[in-house]
Amino acid sequence: MAARTKPTTKSTPEPNPIPSVWARARRAPDQPALSRDAIVREAITMLDADGIEALSMRKLGARLGAGATSLYRHVATKDELMELAVDEVAAEIHVPAADTADWRAAVTEAAGSFRATALRHPWLSSVLGQAGLAYLGPNLMSFSERLAALFTAVGFPEPSGAIDAVLSYTIGMSTTEAAWLTTVARSGESEAEFIARLMPAAQQAAAGHTHLAGSYAESAATATDPVVLRDGKFTYGLEVVLDGLSLRLAR
């Protein structure tokens, strides 16, 4: 009589109810030279240089001298890698301590720091707007906590609404500005050179549009430093947002 064999059971992977790298256990490295931190640092270097489209696990593995399989032991998907990259650069954003005496200056400093970070990493703002990105990383959580503490100390009854207003403006402006600077960089020209080459075509297109033609003519005549001009536009819009929040706070 043949011996009975014990039926084998397949182990099922532990379910991950939240699609985020921060919701699962961190795996042990399979080779000493390769770590998740090293992977993320190299990914950020690639993102800064060539953008999101140029980043792939295969190219990243080649730069690190490792196969894509080795990378997947640390980061399961490209989406997880982007989560980690976003949280890593979020550590660069400075939010001052809560100061009710001059809360507008503190918020202005925080928004300016966010903008500067977004311009150093032109891919950041567009990624933040993607659906599915879980904001569970320690640096992003710390950033949100410090903003909440600032607006709560000021006395906003709904601090999350005030935060959303400031961040929506800041992210929107930073996304547009980063896209513009990326276009300029691809031209191989300086920003001033690119604008000078573009201005005649803009003036011609604006012919017949009274307000636009006047604006372009004034820009061409003053030849304002493009960096100063961008700084001024950002500051003006932020002041408008803060003026609105000041009115709500006064109520």
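Is the crossing of H7 and H8 left-handed or right-handed? In this predicted model, the crossing of the two helices comes out right-handed. A pair of packed helices is described by the angle between the axes and the distance between them. For H7 and H8, that angle is about 115 degrees, and the axes sit 9 Å apart. On the H7 side, the residues that meet H8 are Phe-143, Leu-147, Ala-148, Phe-151 and Thr-152. Their partners in H8 are Pro-159, Ala-162, Ile-163, Val-166 and Leu-167. Sorted by class, this contact has nine nonpolar residues and one polar residue, with no charged ones.

Some of these names turn up again around a cavity. The structure holds one cavity of 30 Å³ or more, and about 50 Å³ of space lies in the largest cavity. Phe-143, Leu-147, Ile-163, Val-166 and Leu-167 are among the residues lining that space, and these five also take part in the contact of H7 with H8. The rest of the lining is made up of Ala-110, Ala-111, Phe-114 and Thr-170. Helices H5, H7 (138-154) and H8 (159-187) each put at least two residues into the lining. H8 gives the largest share, with four residues. As for chemistry, eight of the lining residues are nonpolar and one is polar, while charged residues are absent.

H8 shows up at an open site too. The second largest pocket takes in about 390 Å³ of space. It is lined by 17 residues, of which Gly-51, Pro-122, Trp-123, Thr-182 and Arg-186 come closest to its centre. Helix H1 (36-50) and H8 each supply at least two residues of this lining, and the largest share, seven residues, again belongs to H8. The mix here is eight nonpolar, five polar and four charged residues, whereas the lining of the largest cavity has no charged residues.

How far can the model be trusted from place to place? Over the chain, the pLDDT averages 85, and 83% of the residues score at least 70. Confidence peaks in H5 (residues 103-120), with a mean of 96, and H5 is one of the helices that line the largest cavity. At the other end of the scale among these elements is helix H10 (residues 210-222), where the mean is 74. Residues 8-13 have a pLDDT below 50, and this stretch makes zero contacts in the model beyond near neighbours in sequence.

Methods. Residues are numbered from 1 along each chain as its sequence is written. This is a predicted model: local features need pLDDT of at least 70, side-chain atom pairs count only at pLDDT 80 or more; totals for chains, interfaces and linings use all residues. Side-chain values use heavy atoms; hydrogens and water are left out. pLDDT is the predictor's confidence in each residue, from 0 to 100. Contact means heavy atoms within 4.5 Å. On a 1 Å grid over the protein atoms alone, a cavity is a set of points where a 1.4 Å probe fits but cannot get out, and a pocket is an open set with protein on both sides within 12 Å along at least five of seven lines; lining residues have an atom within 4 Å of a point. Grid points are joined across faces, edges and corners, and a volume is the space filled by probe spheres set on the points. Ala, Val, Leu, Ile, Met, Phe, Trp, Tyr, Cys and Pro count as nonpolar, Asp, Glu, Lys and Arg as charged, and the others, Gly among them, as polar. Axes are lines fitted to C-alpha atoms, for helices over the stretch in contact, and angles run from 0 to 180 degrees between N-to-C directions. A crossing is left-handed if the near helix is turned anticlockwise from the far one by less than a right angle, and right-handed if clockwise.
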